[in-house]
Amino acid sequence: MQPSGPESSKNTTITFVGHSTTLVELSGVRVLTDPIFREKFRLLRRRSRICARRIDASSLDAIVLSHMHFDHMDYPSLRMVPRNVPIFAPVGAGRYLEREVGHEVIELRIGQRVRLGDIEIHATPSLHDSGFYWPFWYPKSVLSFMFVGSHTVFFVGDSALCEDFRDLGRDFDVDVAMLPVWGCGPYLRGHHMTPADAAEALSMLRPRTAIPIHWGTVHPVGPMWRKMAFFADPPHHFAREAARLAPMTEVRVLSPGDKTIIGAKTATESVLQDFGIETLFAGPAPAPAIAG
Ligand SMILES: [Zn+2]
Ligand SMILES: [Zn+2]
């Protein structure tokens, strides 16, 4: 698809809201990933000005949750989204989410797929267990998601580098891979990819376009953290390594709040800071149908 002229609802656009929160607009369907909207959560602070006052998520079609780590699953953020928006989550997450946020939760196992309007959402593997879950009884299952519509978009919440990426690159013709390139705040430990790992993942997935995520959004309390290298460098390190390891892949570095059109050459713009996230949501929600 080569968009030209004004954007239509059939364009594929990716908005990097920040950290692992992205908005994928594909084949007229709007899916939000791992939503974190609060300016303050736990001991972290969020850089972006995107907060509750600016969110109107009334026409989202679905939320996908990769896992129950606190920087990916946040009850207050989920409560900001209307209850009629279904949540697709890993097995075991449903009982907590339904009780705390009241949304319909559709639990998925690796290999299952769901039809939602004109797209399919495939539950795919991640290799991620940092050992830190709170409360400790939260389910430890972790998913990544492949969205298949007019383009194929891959979203990874958290993962170490793993051979599953090679299988996914063989099974799917990936247009866009949104890969985490850093940890949480200044920390990169447990099952996370370094920027170089994420670039190596590109050589396995072989996407046309890559968008680094999970960086530049959250930091511990105090303004000095924003000046530190972890806050800005990871996506550029990733881009340099990707040029070497996966030269066939175009890397687009979006800052939190930026939106890009897939299929357009220079179509990245900052939207959230200028216009507010409410400009991104419109349209009816299609009903999901599970398969696989
Ligand atoms: Zn995690
Ligand atoms: Zn994370």
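This report walks through some helices, strands and buried residues of the model above.

The structure is a predicted model, in which local features need pLDDT of at least 70, side-chain atom pairs count only at pLDDT 80 or more, and totals for chains, interfaces and linings use all residues. Residues are numbered from 1 along each chain as its sequence is written, while chains are lettered from A and ligands numbered from 1 in the order in which they are written.

Let us start with the helices. Helices (H or I, at least four residues) and strands (E, at least two) are DSSP runs, numbered from the N terminus. Helix H6 (residues 234-245) has 12 residues and spans 16 Å from its first C-alpha to its last, close to the expected 16 Å; the expected span is 1.5 Å times one less than the number of residues. Its buried residues are Pro 234, Pro 235, Phe 238, Glu 241 and Ala 242. They lie on the same side of H6, because they cover an arc of only 125° around the axis, taken from the directions from the helix axis to the C-beta atoms. Here a residue is buried if 20 or more other C-beta atoms lie within 10 Å of its own, exposed if 12 or fewer, and partly exposed in between, with C-beta atoms placed from the backbone.

What covers this buried set? Helix H4 (195-205), strand S14 (209-213), helix H5 (229-232) and strand S16 (250-251) are included; contact means C-beta atoms, placed from the backbone, within 7 Å. H4 has buried residues of its own, among them Leu 202 and Met 204, and the buried residues of H4 pack against H6 as well as helix H3 (164-171), among others. After H4 comes Arg 206, with a positive phi near 55°.

Now to the strands, which pair if DSSP finds at least two bridges between them. An open antiparallel sheet has three strands in the order S4-S5-S15, with S4 (40-41) and S15 (218-220) as its edges, each pairing on one side only.

| Strands | Pairing | Bridge count | Opposite residues |
|---|---|---|---|
| S4 and S5 (residues 44-46) | antiparallel | two bridges | Lys 40 and Arg 45 |
| S9 (residues 113-116) and S10 (residues 119-125) | antiparallel | four bridges | Arg 113 and His 122 |

Side chains alternate along S9: Val 114 and Leu 116 point to one face and are buried, whereas Arg 113 and Arg 115 point to the other and are not. In the hairpin of S9 and S10, two residues lie between the strands, and Gly 117 takes a positive phi near 60°.

Finally, Arg 30 sits in strand S3 (residues 29-33). Is Arg 30 buried or exposed? Arg 30 is buried, because 24 other C-beta atoms lie within 10 Å. Its C-alpha is 6.8 Å from that of Ala 62, 32 residues apart along the chain.

Methods. Contact = placed C-beta atoms within 7 Å.
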